[in-house]
Amino acid sequence: MATRLPAVDVVLVGFGWTASILAKELTDAGLEVLALERGVFRDTIPDFSPATIQDELRYAVRNGLFEEPHRETLTFRNKMQQTALPMRHLGSFRPAAGAGGAGVHWNGQTWRFLATDFALRSHLTERYGAKFIPTDMTIQDWGVSYDELEPYYDKFEHLCGIAGKAGNVGGARQAGGNPFEAPRKREYPLPPLKRSYATVMFDKAARDVGYHPFPCPAANTSQPFKNLYGVQMGQCTFCGYCEWFGCGNYSKASPQACVFPVLLGRDNFTLRTQCNVTRVNLDSTNKRATGVTYIDVTGRSYEQPADLVILCAYAQHNVHLLLLSGIGTPYDPVANSGVVGRNYAYQITSSVHVFTNERLNPFMGAGALGQGVDDFNGDNFDHGPHGFVGGGYLALWTTGGRPILQHQVPAGTPKWGSQFKRALAENYLHAASISTHGSVMSYRDAYLDLDPTYRDYYGNPLLRLTFDYHDNEHRMSDFLTAKATEIAKAMRPRSVDPKPRNGHYSILPYQTTHNTGGAVMGTDPKTSVVNRYLQSWDVPNVFVMGACAFPQNAGYNPTGTVGALTFWAADAIRNRYLKDPGPLVGA
Amino acid sequence: MHARFKSLALMVAICVGACGVAAVARDSNFAEVQRGRYLVYAGDCGACHTDEGGKPFAGGRAVPTPFGTIYASNITPDRETGIGSWTDEQFYHAMHEGRRPNGEHLYPAFPYHWYTRLRRDDVMAIKAYLDSLTPVRQANKAPDLPWPLSWRGAMVGWNALFFKPGAYRPDPAKSPEWNRGAYLVEGLGHCGACHSPKNALGGVKSKDRFHGGQGEGWFATSLTRDPREGLGRWSLDDMVEYLKTGANARARAMGPMAEVVHDSTMHLSEDDLRAMAMYLKDLPGDSGSNGSQTPGHDRDALQRGKLLYVDQCAGCHMEDGEGIRNVFPPIKGSSGLHAHDPSSLARLVLAGAPSARTPAKPEGFAMPAFGAKLSDAQIADLLTYIRASFGNEAGAVSASQVAGVRKKIERTS
């Protein structure tokens, strides 16, 4: 029997980037806000202390900061005809659990999507004709334009202290930046990070073959920075322990470094950790949420009433909660009806290993220290001759040279033994890698739903993921891999080892934690779960944050766009919803 | 007729008195109450009289002393368990002489020997503020002191040795601002309670006033104008910024001082903080009577310390010791690092500490703990190195000094 608690104005499910921003914005508006986080509390000191955080075994191998599959996982299959099985170890993607969410252990690679990304179907139809888009590809327009989101991208960049060089300010091209980027109102908050030698080599090689390299935008500060909320951040010292680790010197943007100092002490904000939300509760009309049910670490259930419920958990966890709570019609891929779980997408990546004659210092790294080429992203190039849609950036990232997982040996090297050891020692200071980071379109047969067999720790059906790469993605990715190989060769290395992404999508090797879709935003309730303000069409006092809103995934890391959408939704809630609670968009 | 009227009036008075309703007409005293509120910030009364998670000024908080634990009293206006029944004279007597209305001596853990300097009208303003608070029914806890200290009468002896009652007398040769600063530092600020050395009986060694002292397990730095160990190189602006925001380009307030900034000094006006700074800057510097400050000459220790510094510290404090402006304080030229008693430094390295959070500087950058990672000998080498490098000139630190601090931390955690 759940214990009923005193009501609050707003309950936030999860406490990562989106919840931290919303909690700050909504407590600013005077509301009583409660955040429920299933993981433990963490703060820069002691949890990311420079004395202890550079421990690859503890954090990168033994998953010190991530979600535990024992508590939350999903079942997976490539095709509908297969039986999905539980993912018992983290692999392809690594969601977090704990205060700060994945904002703690990310690399900090922070992009804006292209203007055409937001109106993908319209744009591709206009440029290439409707027949160019395969019939089973369910891509669609977002319902919000880049121009509308531009000020909110700016806000997120100034919250994080993004280090970069603008390529397009107000329509005017700027030397040194990305010539393909969507127009921005002003420069990045901080200048680009200092270059590593490998990125300097990539820059020259990319220019030599006719492309337009630029420093990748980084949420690793290049200088001390006082952010949008008046919080002081430090300066990155290139320790090389970004992805998988928390930052101990306040220089990687995270909720801890950027928001907690002005949020946690507020009288109208409460955080409860180790509280796992299992349901959004609805009234008898099923059109209004009354609050949430959660279970604490002792196993006790609580009913937390609230006027406004905002799902801020990881993308697919939000979708799982919508399905368990009966909010919105679940997607049926056979009947092609329903929306919740529809249009799941991911990222398709590949790499080209480069072994240079010149000496590099791989151990000096930062998560978003890289040089990129955007010539083959989005619709930045003519797709006509290629017969595929989508694209991605190419980048040489120097994120570190950690001893267990971050070293590479040339093709043909045995996987163990004295030859392996010799090759490792000889190549450690000469190894770099060019990554391709490709978009994934949405398809009828790529989706999330509830598993019929397997249940989680609390007895709820697990989320089931059905996903595979399509021919379109393979052809696009192979195209990018070839371009990356071209640049790699122009670096005049002693050897090059392309590693294309072949075959079916496998959930085993780590690729990216960029899971998108399942609760997509749009203008039509028949093909979207939330409206353009991320408000549920079915239950207007429920909003759903995160990359689950993406109708398909673009060729960039999602966090910049997730941050922008959060500020955009916060603005709509503060200035429109609170004044007149109800649907913000007529259906 | 008269007699009946009189006894009726008497009955009314008794009834009214018993109900706790004022029998005397009250004045509106908003200005005085607000002045008292400000002075209570200056005196940092809440630091002892408000328990962690407790009701404001209801007492109960454990105040550690070298002799045992004393529990701060309830100073809300509750008539049974607080000071609601005290008259103005009784309250003044407590602040000025350290005596309760029943004649009992207060322990000098309550700094009456500093508050004695207050003018009477300031004491009355404080009382007016305390009288305006919500009364809380919470009985006081008896102190945890060994005999004979458990007998309050023992304070007669202590007072005879160390207590000279008397309000502050302005020095006509100094400016009004200097005198205001002196009044605050020597009175409500009671800075010397931590920042002055104390003898075995807990009395201030007056000839070394403000040369640094022990407080709550930390060594509070010298506040004199000594250029190395004290505030000699700090400008008035530096000092005001530190007290107002918790940090400046030279240092961040850590440990008990972080609480002082948060609970007290950040609430004071810039004028008052500047006056206090002016007074402190006028204090005579250390004469070197604090013991050997010659830098460590053990080359091996310095070399070991240097390697440790590059490995463990340079990531934040930088290889050149300059730190990162407004984020990590510089090692170079740090007055705190020159403390003749290195116990705070050892404590910071062993257990880490958060720094003050203020509205102006909310981030509260914290020093991480290295006690689990580094041995006492390693920490001693490290401290010896930084105290003798980057232009610093302070004495070596021994492993046994670090071990002593480590033991103290383990005992209290």
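# A guided tour of two chains

Visitor: Which strands of chain A does helix 10 lie across, and at about what angle does helix 10 run to strand 19 of chain A?
Guide: Let's look at residues 315-325 of chain A, which make up helix 10. The model here is a predicted one. Helix 10 lies across strand 4 (74-77), strand 19 and strand 20 of chain A, and its angle to strand 19 is about 70°.

Visitor: In what order do the strands of the 4-strand open sheet of chain A stand?
Guide: The pairing in this sheet is mixed. Strand 5 (85-86) and strand 19 (447-455) each have a single partner strand, so they stand at the edges. Put those two at the ends, and the order reads 5-4-20-19.

Visitor: Which residue stands opposite D449(A) in strand 20 of chain A?
Guide: Strand 19 and strand 20 (residues 461-466) of chain A pair in the antiparallel sense, over 5 bridges. Follow D449(A) across to strand 20 and you arrive at R464(A).

Visitor: What are the edge strands of the 6-strand open sheet of chain A?
Guide: This sheet is antiparallel, and its order is 8-16-17-18-15-21. An edge strand pairs on one side only. Here the edge strands are strand 8 (214-215) and strand 21 (495-499) of chain A.

Visitor: What is the bridge partner of V373(A) in strand 17 of chain A?
Guide: Strand 16 (residues 370-373) and strand 17 (residues 392-397) of chain A run antiparallel and are joined by 4 bridges. For V373(A), the partner in strand 17 is L394(A).

Visitor: Which helix of chain A packs on that sheet, and about what angle does its direction make with that of strand 18 of chain A?
Guide: Look for residues 471-490 of chain A, which form helix 12. Helix 12 touches strand 15 (348-355), strand 17, strand 18 (431-438) and strand 21 of chain A. With the direction of strand 18, the direction of helix 12 makes about 150°.

Visitor: Is R492(A) buried, partly exposed or exposed?
Guide: You can find R492(A) in the loop between helix 12 and strand 21 of chain A. R492(A) is not a glycine, yet its phi is positive, about 50°. A residue counts as buried with 20 or more other C-beta atoms within 10 Å, and as exposed with 12 or fewer. R492(A) has 13 such neighbours, so the answer is partly exposed.

Visitor: How many of the 12 residues of helix 1 of chain A are buried?
Guide: Helix 1 (residues 17-28) reaches 17 Å from its first C-alpha to its last, close to the 16 Å expected. Its buried residues include W17(A), I21(A) and L26(A). After the helix comes G30(A), with a positive phi near 90°. Helix 1 is mostly covered, and the number of buried residues is 10.

Visitor: Which helix of chain A gives the most to the side of chain A that touches chain B?
Guide: The contact takes 19 residues from chain A and 20 residues from chain B. Two elements of chain A, helix 2 (44-47) and helix 9 (260-263), give two or more residues to the chain A side. By class, that side has 10 nonpolar, 9 polar and no charged residues. The element that gives the most, with 3 residues, is helix 2.

Visitor: What kind of peptide bond joins I45(A) and P46(A)?
Guide: P46(A) lies in helix 2 of chain A. For the bond between I45(A) and P46(A), omega is about 15°, and the bond is cis.

Visitor: Where is P148(B)?
Guide: A cis peptide bond also joins W147(B) and P148(B), with omega of about 10°. To find P148(B), go to chain B and look in the loop between helix 6 (120-131) and helix 7 (155-162).

Visitor: Is H190(B) buried or exposed?
Guide: The loop between helix 8 (176-186) and helix 9 (192-195) of chain B holds H190(B). Its phi is near 35°, a positive value in a residue other than glycine. Within 10 Å there are 21 other C-beta atoms, so H190(B) is buried.

Visitor: What distance separates the centres of domain 1 and domain 3 of chain B?
Guide: The domain assignment of chain B gives domain 1 (28-162), domain 2 (176-281) and domain 3 (299-412). Taken over C-alpha atoms, the centres of domain 1 and domain 3 are separated by 37 Å.

Terms used:
Residues are numbered from 1 along each chain as its sequence is written. Chains are lettered from A and ligands numbered from 1 in the order in which they are written. This is a predicted model: local features need pLDDT of at least 70, side-chain atom pairs count only at pLDDT 80 or more; totals for chains, interfaces and linings use all residues. Two residues are in contact if their C-beta atoms, placed from the backbone, lie within 7 Å. Ala, Val, Leu, Ile, Met, Phe, Trp, Tyr, Cys and Pro count as nonpolar, Asp, Glu, Lys and Arg as charged, and the others, Gly among them, as polar. Two strands pair if DSSP finds at least two bridges between them. Axes are lines fitted to C-alpha atoms, for helices over the stretch in contact, and angles run from 0 to 180 degrees between N-to-C directions. Domain bounds come from an automatic or database domain assignment. The expected span of a helix is 1.5 Å times one less than its number of residues.
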